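Work through the exercises below with the sequence and the model side by side. Try each task before you read its solution.

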Amino acid sequence: MSLPTVAVVGFPNVGKSTLVNRLVGGSEAVTSPEPGVTRDRKRLATEWNGIAFELVDTGGIDLGDEAELARDVQAQARLAITEADAIVLVVDGRAGMRGGDVDLAKTLRGSQVPVIVVVNKADRPDDYAITAEFHGLGLGDPIGVSATHGLGTGDLLDAITAAIGDREPRPDEDDAVRVAVIGRPNVGKSSLVNAFLGSERVIVSDIAGTTRDAIDTEVEVDGRRAILVDTAGLRRRSKVAGTVDYYAQLRSERAVERADVAIIVCDASEGVTTEDMRVAEMAMKAGCASLLAMNKWDLSETDIDEARARVERKLRLRPAVITVSAKTGRNVATLLPRALQLADKAAERIPTPELNRFVSDVVARTPPPSKRGKRLRLYYTAQVGEAPPRVAIQVNDRRLIAREWAYHLENRMREAYELEGVPLIIDFVPASGRRRYSE
């Protein structure tokens, strides 16, 4: 049973994301003094007095703003309102009641679910008097809070749980595969996510950097549950230092660290760039299985064989390179199943006898080179971890390991067990007194 949802809405820059962060006890939603930071719907689970629910942070609704991006943000907020079991309307107590608040309240008065008016920025007990004028919105008694300092948030949570009532315990999500959609800004990540879902779940714009939060969406793929994570575009940290995009970048990196698989989206019209390679390396270091999706293939003249050869030369993971088009639907239906196959591969265990036979065969065909007149001896191999797979090989002396031969062994293992795109860790552990593969 899904959790009840509470949509947090309001005029731009009234402190909705700050309030959401306070209520969930973290800093998951991007906040900034700059108005209009939140654009997509971001769902965050929390609980109060044993009742679990999801808060849906939304972009600011200014019904007088006719800009295309503003209309997209408003559309996402309206969807959140439509799907909600309760609505929290946040207003700015310091600014007083504004025309935008009145317009939005007029819309919400026709809602079929409870609406709670929250007067934010009541930072001192004396400030609670400023809530009085918001009775004029016609939505019941307003609750004064300070999202910054936490004042009044307990009363607000009591009101929320009373509005949604008792629900089933939070469902277990341990079996869901997390798939992060990552890449440089403006390569079509959000368009691809919407194509997966068959709906405009996240905002798409020609403006680079439209997505600022990591947006989680549950989806079913061939009967399996997956969490699809749309992320903000990844840049070098030095390029976004001191801006709101820096915090969006941190959330994207955190989303990759929590993911099982990363779909690295590239702009096919530009080929696989150095920045795309850097993003792929970041996913690899985070332990993510990875594949590259060459989006906008309908607009591309890129030589796919050349792109695949470049990826194979530059990336140790050797991820698969797939041509897709979010616009035309090319290969969209096959991309998520392939991502889940990668997650399965990363979680597999190789039987120890089979792994020992494999290493023995590799050593027999290509013995490790001697070093300072001595040769590396390999004794016993076992898989000691999965997701990503980790293999330990006992050796006589780690100083005798030649990097090229270690890469050779890794590549043969990838080929034998179909681990292209899966991080593979091989530890060479000192040991003695074991049966040897090499003399």
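Two exercises follow, each with a worked solution.

The model is predicted, so local features need pLDDT of at least 70 and side-chain atom pairs count only at pLDDT 80 or more, while totals for chains, interfaces and linings use all residues. Residues are numbered from 1 along each chain as its sequence is written, and side-chain values use heavy atoms, with hydrogens and water left out.

**Exercise 1.** Determine how helix α1 and helix α4 are oriented to each other, and which residues make the contact.

Solution. Begin with the axes, which are lines fitted to C-alpha atoms over the stretch in contact, with angles from 0 to 180 degrees between N-to-C directions. Helix α1 (residues 16-24) and helix α4 (residues 153-164), helices being DSSP runs (H or I) of at least four residues numbered from the N terminus, pack at about 85° with axes 11 Å apart. The two helices are therefore roughly perpendicular, a term that covers 65 to 115 degrees. Next, the contact (heavy atoms within 4.5 Å) involves Leu19, Arg22 and Leu23 of α1, together with Thr153, Leu156, Leu157 and Ile160 of α4.

**Exercise 2.** Find which residues of helix α9 are buried and where they lie around its axis.

Solution. With buried meaning under 20% relative accessible area and exposed over 50% (1.4 Å probe, protein chains only), the buried residues in α9 (residues 304-314) include Ile304, Ala307 and Val311. Seen down the axis, the buried residues of α9 fall within an arc of 60°, so they line one face of the helix, where the arc is taken from the directions from the helix axis to the C-beta atoms. Finally, the face turned away from the buried side of α9 carries the exposed residues Asp305, Glu306 and Arg313.

Technical notes
Angles under 35 degrees count as roughly parallel, over 145 as roughly antiparallel, 65 to 115 as roughly perpendicular and the rest as oblique.
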